[in-house]
Amino acid sequence: SIAAGKNYKDGEYSANDKGFGAQIVKVTVTIAGGKISDIKVDILNKTPSDKPYIAKALLIIDKIKFKNGITGVDTTNATFTSRGIRNAVSKALKIAK
């Protein structure tokens, strides 16, 4: 895992991971000044019934930005989708090292 407070190379980094069911979680992490400045999430293959769970899962984004990484970030109630977001961000941050 990536150490909290680590400085990354500036730029945009994208990665994918699996969400709930058939979902594919795509993230784009923007690094500015060596820190996570933005995380965009696109969830493919979602269904209308996934909407409330996706809303909960997206809460993890602010936690990851606050910690500047995934270390110490727990998944929210929508664990499969949250885990997908966290794992995809982890993959993107490994590219940004």
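**Exercise 1. The surroundings of Gln23**

Find where Gln23 lies in this predicted model, decide whether Gln23 is buried or exposed, and list its contacts beyond four places in sequence.

*Solution.*
Step 1. Start with the contacts. Leaving aside neighbours within four places in sequence, Gln23 touches Asp17, Lys18, Ile43, Leu44, Asn45, Lys46, Asp50, Ile54 and Thr81.
Step 2. Place the residue. Gln23 sits in the loop between β1 and β2.
Step 3. Check the accessibility. The relative accessible area of Gln23 is 2%. Buried means under 20%. Gln23 is therefore buried, by the cut-off of 20%.

**Exercise 2. Confidence**

What is the average pLDDT of the protein chain, and which elements mark the lowest and highest confidence?

*Solution.*
Step 1. Take the chain as a whole. Its pLDDT averages 92. A score of at least 70 is reached by 93% of the residues.
Step 2. Go to the elements. Helix α1 (residues 51–57) has the lowest confidence, with a mean of 93. Strand β1 (residues 11–18) has the highest, at 98.
Step 3. Keep one caution in mind. Low pLDDT means that predicted coordinates should not be read in detail.

**Exercise 3. The sheet**

Work out the strand order of the sheet, its pairing and its edge strands.

*Solution.*
Step 1. Write down the order. Three strands form an open sheet, β1-β2-β3, with antiparallel pairing.
Step 2. Find the edges. β1 and β3 (35–44) each pair on one side only, and these are the edge strands.
Step 3. Add the twist. On average, neighbouring strands of this sheet are turned by 20 degrees against each other, direction ignored.
Step 4. Count the bridges. β1 and β2 are joined by eight bridges. β2 and β3 are joined by nine.
Step 5. Follow one row across the sheet. Ser14 has Thr28 in β2 as its bridge partner. Thr28 in turn has Lys40 in β3 as a bridge partner. Elsewhere, Ala15 stands opposite Val27 in β2.

**Exercise 4. Two hairpins**

How many residues lie between the strands of each hairpin, and which glycine has a positive phi there?

*Solution.*
Step 1. Take β1 and β2. Five residues lie between these strands, and Gly21 has a positive phi near 60 degrees.
Step 2. Take β2 and β3. Two residues lie between them, and Gly33 in the turn has a positive phi of about 60 degrees.

**Exercise 5. The aromatic pair**

Classify the ring pair of Phe20 and Phe80, and explain what the pair ties together.

*Solution.*
Step 1. Count the pairs. The structure holds one aromatic pair.
Step 2. Read its geometry. The rings of Phe20 and Phe80 are 5.8 Å apart, centre to centre, with 50 degrees between the planes.
Step 3. Apply the cut-offs. Stacked is under 30 degrees and edge-to-face is over 60, with the rest tilted. At 50 degrees, the pair is tilted.
Step 4. Locate both rings. Phe20 is in the loop between β1 and β2, and Phe80 is in helix α3, so the pair ties together parts that are 60 residues apart in sequence.
Step 5. Check exposure. Phe20 is partly exposed, with a relative accessible area of 46%. Phe80 is also partly exposed, at 46%.
Step 6. Look for a charge. The charged end of Arg83 sits over the ring of Phe80, 5.7 Å from its centre.
Step 7. Place the helix. Helix α3 (residues 79–95) lies across β1, β2 and β3, and runs at about 140 degrees to β1.

**Exercise 6. Three more residues**

Decide whether Thr30, Leu93 and Lys67 are buried or partly exposed.

*Solution.*
Step 1. Thr30 belongs to strand β2 (residues 24–32). Its relative accessible area is 19%, so Thr30 is buried. Beyond four places in sequence, Thr30 touches Gly11, Glu12, Lys35, Ile36, Ser37 and Asp38.
Step 2. Leu93 lies in helix α3. Its relative accessible area is 0%, so Leu93 is buried. Lys51 is 42 residues away in sequence, and the C-alpha atoms of Leu93 and Lys51 are 27 Å apart.
Step 3. Lys67 lies in helix α2 (residues 60–67). Its relative accessible area is 36%, so Lys67 is partly exposed. The C-alpha atoms of Lys67 and Lys35 are 9.7 Å apart, with their positions 32 residues apart along the chain.

Conventions:
Residues numbered from 1 in each chain as written. Predicted model: local features only at pLDDT ≥ 70, side-chain atom pairs only at ≥ 80, totals over all residues. Heavy atoms only, no water. Buried < 20%, exposed > 50% of the residue type's maximum accessible area, 1.4 Å probe, protein only. Contact = heavy atoms within 4.5 Å. pLDDT = per-residue confidence, 0-100. Pairing = 2+ DSSP bridges. Axes fitted to C-alpha atoms, helices over the stretch in contact; angles between N-to-C directions. Phe/Tyr/Trp six-rings, centres within 6.5 Å; stacked < 30°, edge-to-face > 60°. Lys NZ or Arg CZ within 6 Å of the ring centre and 35° of its normal.
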